[in-house]
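Hi,

Here is the structure I said I would pass on. Have a look at it first, and then read my notes below.

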Amino acid sequence: MENLSISEPPHQGGGEGGALGLAPPPPAQLPPQMFTTAAQLLDLTDKKLMVVLRDGRKLVGVLRSWDQFANIVLQSTTERIFALLPQPETTTTDTAATPAPAPAPRGLYADIFHGIFLVRGENVLLLGEIDLDRDDLPPPGYEEAELSRVRRLADEARARDRRRDKARGRKLAKLGFEGDGAGEIVLL
């Protein structure tokens, strides 16, 4: 039986000095770029991000903190609301004789300042770093407008989408398909 102290490593056997006198190799470790967990947020800390939430909201802010569940804290957060402009009916005309007018914006956007914002990790759909060189430019095809107008247009578009989805669901139900929530009782 060997007498070992805390400071001595156990004897490896196989002659004096162990097998060829070499220490066993250290366990292999992944490089820091290979994180597959919330630790990937380490590279994004203190950078300006756009975060898209599952409910469709888009937030822009500086990532200040995060945890193992990917819950994030954004500072100087702004919520950006987008709305498409209603498209006028177009008629066919001779475009060869007249120069094309400058393209009109296809949508509007407005910002709501929130300040410090805590986002639960399971609600994050997508996030990405903002290019600070292009940060002050309006999104391509959009121009800034009053919040009330943008909100009204966005609400109208959501209502149209809900009506369209209900009509599609009814058509599919007639064909024998079950939609989301089929068989559930909804109490209003």
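Which residues in α1 are buried? Keep that one in mind while you turn the model around; I'll start with the helix and then move on to the strands. One thing to know up front: this is a predicted model.

So, the helix. The buried residues in α1 are Val150, Leu153 and Ala154. The cover over the buried residues of α1 includes β3 and β4. That fits with where the helix sits: α1, residues 147-174, lies across β3 and β4, and it runs at about 70° to β3. With 28 residues, α1 reaches 41 Å from its first C-alpha to its last, close to the 40 Å expected at 1.5 Å a residue. Just past the end of α1 you'll find Gly176, which takes a positive phi of about 100°.

Now the chain as a whole. The protein chain has one helix and six strands, and reading along the sequence gives β-β-β-β-β-β-α. Of its 188 residues, 20% are buried. About 15500 Å² of the protein chain is exposed, and carbon and sulfur atoms supply 56% of that area. If you count contacts between residues at least 6 apart in sequence, 67% of them join residues at least 24 apart.

The strands come next. They make an open sheet of six strands, in the order β5-β1-β2-β3-β4-β6, with mixed pairing. At the edges are β5 (124-129) and β6 (142-144), each of which pairs on one side only. On average, neighbouring strands of this sheet are turned by 35° against each other, direction ignored.

It's easiest to walk through the middle of the sheet pair by pair:

- β1 (residues 48-53) and β2 (residues 58-66) are antiparallel, with five bridges between them. Lys48 has Val62 in β2 as its bridge partner. Four residues sit between the two strands of this hairpin, and Gly56 there has a positive phi near 100°.
- β2 and β3 (residues 72-84) also run antiparallel, joined by seven bridges. Here Val60 is partnered by Thr78 in β3. This hairpin has five residues between the strands, and Ala70 takes a positive phi near 65°.
- β3 and β4 (residues 107-119) pair in the antiparallel sense over 11 bridges. Leu84 stands opposite Gly107 in β4, and Thr78 stands opposite Phe113 in β4.

Thr78 is a handy residue to click on, by the way, since it turns up in two of those pairings: with Val60 and with Phe113.

Two other residues deserve a closer look. Is Thr77, in strand β3, buried or exposed? Thr77 counts as buried because its relative accessible area is 0%, and the cut-off for buried is under 20%. Leaving out neighbours within four places in sequence, Thr77 is in contact with Leu59, Val60 and Gly61, and also with Ile112, Phe113, His114, Gly115 and Phe117. A polar atom of the Thr77 side chain lies 3.2 Å from the backbone oxygen of Leu74.

The other one is Lys58, in strand β2. With a relative accessible area of 27%, Lys58 is partly exposed. What does the side chain of Lys58 reach at 2.9 Å? That would be the backbone oxygen of Gly56, the glycine with the positive phi in the hairpin of β1 and β2. Not counting residues up to four places away in sequence, Lys58 touches Val51, Val52, Thr78, Glu79, Arg80 and Phe82. Along the chain, Lys58 and Thr78 are 20 residues apart, while their C-alpha atoms are separated by 8.4 Å.

While you're looking at the strands, here is a general point to carry along. In a regular strand, side chains alternate between the two faces of the sheet.

If you want a route through the model, I'd begin at α1 with Val150, Leu153 and Ala154, and go from there to β3 and β4, which are part of their cover. After that, Thr77 in β3 and Lys58 in β2 make good stops.

Cheers

Terms used
Residues numbered from 1 in each chain as written. Predicted model: local features only at pLDDT ≥ 70, side-chain atom pairs only at ≥ 80, totals over all residues. Heavy atoms only, no water. Pairing = 2+ DSSP bridges. Buried < 20%, exposed > 50% of the residue type's maximum accessible area, 1.4 Å probe, protein only. Polar contact = N/O pair within 3.5 Å; in protein donor to acceptor, adjacent residues only side chain to side chain. Contact = heavy atoms within 4.5 Å. Areas by Shrake-Rupley, 256 points an atom, 1.4 Å probe, with all protein chains shown as cover. Axes fitted to C-alpha atoms, helices over the stretch in contact; angles between N-to-C directions. Expected span 1.5 Å × (residues − 1).
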